[in-house]
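Colleague: Could you take me through the features of this structure one at a time, giving the general idea before the particular case?

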Amino acid sequence: MLSVDMENKESGSLDVKNSVENGRPPDPADWAVTDVVNYFRTAGFEEQASAFQEQEIDGKSLLLMTRNDVLTGLALKLGPALKIYEYHVKPLQTQHLKNNSL
């Protein structure tokens, strides 16, 4: 599962670490839609999390999302969409690729 460093919440970024908490599998590829929604709620994006629910974005879909998908496909305000992509989606994708290339 993921633990969240809440000290970075103010900037919109969270440290993502492997752990067993919050009921989510450690690899985002294994997340269900509810895991994705809960991740963004925990990250401080309560309002935007519902867009992931409405679009049925699970972990595999999240890892496939491009910047353009987040900015235009979820109908989010630009500011939160940019933070979500840069501080959450992109780092999760990078972590997933790094963990699976070992």
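Modeller: The turns below go from the core to the aromatic rings, the last helix, the salt bridges and the backbone angles.

Colleague: What should I know about the model before reading any values?

Modeller: This is a predicted model, in which local features need pLDDT of at least 70 and side-chain atom pairs count only at pLDDT 80 or more, whereas totals for chains, interfaces and linings use all residues. Residues are numbered from 1 along each chain as its sequence is written, and side-chain values use heavy atoms, with hydrogens and water left out.

Colleague: Which residues of the largest nonpolar core touch the most other members?

Modeller: In soluble globular proteins, nonpolar side chains tend to be buried together. A nonpolar core here is a set of buried Ala, Val, Leu, Ile, Met, Phe, Trp, Tyr and Cys residues joined through side-chain atoms within 4.5 Å, where buried means under 20% relative accessible area, exposed over 50%, and partly exposed in between, with a 1.4 Å probe and protein chains only. In this model the largest such core has 25 residues, and Phe40, Phe52 and Leu62 touch the most other members. The elements that give two or more residues to this core are α1 (33-42), α2 (46-54), α3 (59-64), α4 and α5 (78-100), helices being DSSP runs of H or I with at least four residues, numbered from the N terminus.

Colleague: What does Leu62 touch, if residues up to four places away in sequence are not counted?

Modeller: With contact taken as heavy atoms within 4.5 Å, and with those sequence neighbours set aside, Leu62 touches Trp31, Val36, Phe40, Phe52, Ile57, Val89, Leu92 and Gln93.

Colleague: How many aromatic pairs does the structure hold?

Modeller: Rings of Phe, Tyr and Trp (its six-membered ring) pair if their centres lie within 6.5 Å, and planes under 30 degrees apart count as stacked, over 60 as edge-to-face and the rest as tilted. The structure holds three such pairs. One of them, formed by Trp31 and Tyr39, is tilted, at 5.3 Å centre to centre and 40° between the planes, and both Trp31 and Tyr39 are buried. The rings of Phe40 and Phe52 are stacked, because their centres are 4.4 Å apart and their planes at 10°. This second pair links distant parts of the chain, with Phe40 in helix α1 and Phe52 in helix α2, 12 residues apart. Phe40 is buried at a relative accessible area of 0%, and Phe52 likewise counts as buried at 0%. Trp31, Tyr39, Phe40 and Phe52 form one aromatic cluster.

Colleague: Where is the kink in α5 centred?

Modeller: The bend at a residue is the angle between axes fitted to the seven residues ending there and the seven starting there. In α5 there is a kink of about 35°, centred on Tyr85. The expected span of a helix is 1.5 Å times one less than its number of residues; α5, with 23 residues, reaches 31 Å from its first C-alpha to its last, close to the expected 33 Å. The buried residues of α5 include Tyr85, His88, Val89 and Leu92.

Colleague: Which residues are joined into one network by salt bridges that share partners?

Modeller: Side chains of opposite charge can pair when their charged atoms come close. The criterion for a salt bridge is a side-chain nitrogen of Lys or Arg within 4 Å of a carboxyl oxygen of Asp or Glu, and a search of the whole structure finds three. The side chains of Arg67 and Glu86 meet at 4.0 Å, N to O; Arg67 lies in helix α4 and Glu86 in helix α5, so the pair ties together parts that are 19 residues apart in sequence. Glu86 also meets Lys90 in a salt bridge at 3.4 Å, N to O, and salt bridges that share partners thus join Arg67, Glu86 and Lys90 into one network. Arg41 and Glu46 meet in a salt bridge as well, at 3.2 Å, N to O.

Colleague: What is the phi of Glu56, and where does this residue lie?

Modeller: Most residues other than glycine have a negative phi, and most peptide bonds are trans. Glu56 has a positive phi, near 55°, and lies in the loop between α2 and α3, where Glu56 is exposed at a relative accessible area of 61%. Ala75, also not a glycine, has a positive phi of about 55°; Ala75 is placed in the loop between α4 and α5 and counts as exposed at 74% relative accessibility.
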